[in-house]
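Q: Could you zoom in on one part for me, the second largest pocket? I'd like to know which residues line the second largest pocket.

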Amino acid sequence: MKKIDRYVLNQFVLTLGVTTLVLSGLYLIVHFFTNIQEFTMVSHKNILGFIIKYYLYRIPLILLDLIPIITLVAAMVTITRFIKTNELTPMFSAGLSIYRILVPVFIIALVISILMFFIDEKIIPAFNENISQTDKILTSEGQERYILTYDNRYSTVLIKNYDYTNQTMHQVSITECNENNSLRAKLIAETASWEIAFSETSPAFGGASRLSQGWYLYNGVVYSYDESGFRKGPPRRFGPEGYLWSTDLTPADLAKTDDTLSYTESAKLKKMITQYPHQNYLKVKFYNKITFPLVNIILLLLGLPFVLIGESKNFFTGVGICLAVVIIFFMVQFFFESLGTKGFIHPLISAWFPLVFFGLIAVLLFGRVRT
């Protein structure tokens, strides 16, 4: 490695470390004071201990969300400093192009992208249960998030949102199988409530009525299948009158087995896609897990030309450019993610189009940079 590479690398890594501490610290401060009322209302013996655990479990999540911004800001600050101190001029005089000067920066960015994938696939899922438990303690119960769970009767349940306070599921998809794992029934409902479900007269109770609790599904449909896996007969539809779902799953089970898809590794998502092929959200989530580490590189390619073309020496100008680039990129990404989730475009296109589109823009912008 040449001396100039070591110099650029040292400056970038140092700036990267400082930027990580500053942005992560700002994030924690803003998040804490935004949710301070919820923290003070936590019925916990050691509130300070809970707060510390709450944020410790989320360090990988916070870093994963901030890494693309941190990398871009660190690169912007490094290049702005080189421009301000006129260090690029002797580098150009030595015959180095801007592309050659930035090689150490992009090598580190590539390493960071690989690290992002590892954090998303291995580290965050390991904290899944802890994150979920602290979430339920702090936030209002019923926050929108996909939940996957199972009962002991070979049923797989996918819930878009669960209100723990009122014991109500929203946007429910249930797949029931036989002991040999063959499909027996599919149930789809807008809501499902835990309530007094039925009464029955039994000689064991002296002929008296016995009240039981269970899940009532509302506004949905039931598809039945034969032993060969073929749908039999017309689907049974139900509305506000409800449909009693036979299961041993209880609200207590949901309270302790909250498996959120937000922190699920791609292998598990891929398996779930085969079980729920009609759920576009799962497909979008799967493809985004593959493309998200590349966001780090795309934002870097997209943001650096703005500083290099204008040769800005102002730190705040560079930070402003970073924010503008990040906001525009994530707005477009969110828009296409919504289109993919709602089925307007293929999930694969929703995940890759923003990267390809902004990647082409980055190539065009770099073509205008003085080399």
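**The second largest pocket**

A: The second largest pocket holds about 240 Å³ of space, taking volume as what probe spheres set on the grid points fill, with points joined across faces, edges and corners. A pocket here is an open set of points on a 1 Å grid over the protein atoms alone, where a 1.4 Å probe fits and protein lies on both sides within 12 Å along at least five of seven lines; lining residues have an atom within 4 Å of a point.

This is a predicted model, in which local features need pLDDT of at least 70, side-chain atom pairs need 80 or more, and totals for chains, interfaces and linings use all residues. Numbering starts from 1 along each chain as its sequence is written, and side-chain values use heavy atoms, leaving out hydrogens and water.

Lining this pocket are Tyr150, Tyr154, Ser155, Thr156, Thr175, Cys177, Asn178, Asn181, Leu183, Lys186, Thr274 and Gln275. At least two of the lining residues come from each of strands E2 (155–163), E3 (168–177) and E4 (183–201), and likewise from helix H9 (266–275). Those elements are DSSP runs numbered from the N terminus (helices: H or I, at least four residues; strands: E, at least two).

Chemically, the lining splits into seven polar, four nonpolar and one charged residues. Nonpolar covers Ala, Val, Leu, Ile, Met, Phe, Trp, Tyr, Cys and Pro, charged covers Asp, Glu, Lys and Arg, and the others, Gly among them, are polar.

As for confidence, pLDDT (the predictor's confidence in each residue, from 0 to 100) averages 82 over the chain, with 86% of residues at 70 or more.
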